[in-house]
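Colleague: I've got a model open and I'd like to learn how to read it. Can you walk me through it?

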Amino acid sequence: MSDVAPSNPLRIDRESKGGNMPATELHSAKSSSSKFNSAPLRIADTSVMSVSGLFKSYGKGAVQVPVLKGVDLEIEEGGFTAIIGQSGSGKSTLLHLLGTLDAPDSGEIYFRDQRIDNLAPRQQEHLRNREFGLIFQFYHLLPELTTLENVLIPRMVQDGFFRYLKNKRSYRKRAIELLEMVGLGHRLTHKPSQLSGGEMQRTAIARSLISDPSILLADEPTGNLDSENGAEVMETLTALRKHENLTVVMVTHDDQLASQADRIIHLVNGVVAT
Ligand code: ADP
Ligand code: MG
């Protein structure tokens with residue numbers, strides 16, 4: 001079942017990922033689907049997202065504060081892109097627009113050749129649920145739930161009670177697999193208060209992957225961590241990107257962290273510096 005009209009390429013993408021197949025099959029189907037889907041859609045072009053002429057201001061009437069003033073960029077499929085800029089330069093604003101969490105004043109955002117900035121809210125929600133994994137500086141874990149339950153939350157919310165119950169076994173298996181991948185296989189029944197900051201962020205990373213997204217959008221994912229925990233989170237992101245065949249876009253104000261990406265986009269005075 002899909003919220004999206006039959007002509008929508010996202011629907012094809014979703015179905016080729018396998019719908020409610022067990023997590024292990026989902027994983028292998030995903031690798032083949034990305035090869036299958038990228039070819040007919042964008043020949044000789046490896047970008048998975050593209051942005052053109054993006055403007056965004058905050059405020060009303062005479063007190064508008066322009067933040068983004070004509071941003072153009074491409075995100076390469078399977079790449080690790082860092083978006084860097086000073087505090088207040090509009091990095092979070094841009095990432096939120098990429099993730100359809102907010103709308104631009106003007107400009108266009110494409111995901112796999114489909115314009116997404118002006119989609120209906122339900123279709124944007126579908127995208128966020130199925131294609132985008134979102135990670136923030138603060139982990140937004142539910143304190144009364146265990147690590148494993150926190151990772152399962154997106155599936156509970158998306159499926160509703162009966163469908164979730166039907167698929168619970170495969171979701172649990174996938175959640176445990178993800179927690180093992182982020183190095184928390186021994187922390188499944190811990191509550192957030194019993195975890196370190198780095199462990200909480202790694203739980204949030206596992207949660208962002210439970211619905212098998214193709215892109216991870218991370219906003220200062222190490223911003224609240226000491227250097228040791230921050231390095232662990234970066235290693236986790238790098239390893240997962242390769243293992244899960246993900247595209248990663250990470251916002252940071254830290255040159256050192258950005259240097260670990262394979263492409264750096266500088267945001268200066270509301271535009272991409274060239
Ligand atoms: P960065 O993530 O690079 O630090 P942000 O995108 O968070 O920058 O913010 C860019 C500018 O927009 C800042 O000056 C900030 O104060 C302002 N801003 C961000 N969000 C809002 C909002 N919801 N309302 C008003 N101003 C905002
Ligand atoms: Mg920010």
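Colleague: How many helices and strands does the protein have?

Modeller: Keep in mind that this is a predicted model. The secondary structure adds up to 9 helices and 10 strands.

Colleague: How do those strands get organised? What order do they take in the open sheet?

Modeller: Look for who pairs with whom. Here 4 strands line up as S2-S1-S4-S5 in an open sheet, with antiparallel pairing. Strands S2 (65-76) and S5 (114-115) each have a single partner strand, so they sit at the edges with one side lacking a neighbour in the sheet. S5 pairs with S4 (residues 106-111) over 2 bridges, and Arg-115 in S5 is the bridge partner of Tyr-110.

Colleague: And the inside? Which residues have the most contacts within the largest nonpolar core?

Modeller: In soluble globular proteins, nonpolar side chains tend to be buried together. In this model, 39% of the 274 residues count as buried. The largest nonpolar core has 58 residues, and Ile-83, Ala-206 and Leu-217 have the most contacts inside it. Leaving aside residues up to four places away in sequence, Ala-206 touches Val-151, Ala-175, Leu-178, Leu-179 and Val-182.

Colleague: Now the ligand. Which helix gives the most to the shell around ligand 1?

Modeller: List the neighbours, then sort them by element and class. Helix H3 (residues 91-98) gives the most, with 3 residues. Among the residues around ligand 1 are Tyr-58, Val-67, Gly-85 and Lys-91. By class, the shell has 2 nonpolar, 7 polar and 1 charged residues.

How values were computed:
Residues are numbered from 1 along each chain as its sequence is written. Chains are lettered from A and ligands numbered from 1 in the order in which they are written. This is a predicted model: local features need pLDDT of at least 70, side-chain atom pairs count only at pLDDT 80 or more; totals for chains, interfaces and linings use all residues. A residue is near a molecule or strand if its C-beta atom, placed from the backbone, lies within 6 Å of it. Ala, Val, Leu, Ile, Met, Phe, Trp, Tyr, Cys and Pro count as nonpolar, Asp, Glu, Lys and Arg as charged, and the others, Gly among them, as polar. A nonpolar core is a set of buried Ala, Val, Leu, Ile, Met, Phe, Trp, Tyr and Cys residues joined through C-beta atoms within 7 Å. A residue is buried if 20 or more other C-beta atoms lie within 10 Å of its own, exposed if 12 or fewer, and partly exposed in between; C-beta atoms are placed from the backbone. Two residues are in contact if their C-beta atoms, placed from the backbone, lie within 7 Å. Two strands pair if DSSP finds at least two bridges between them.
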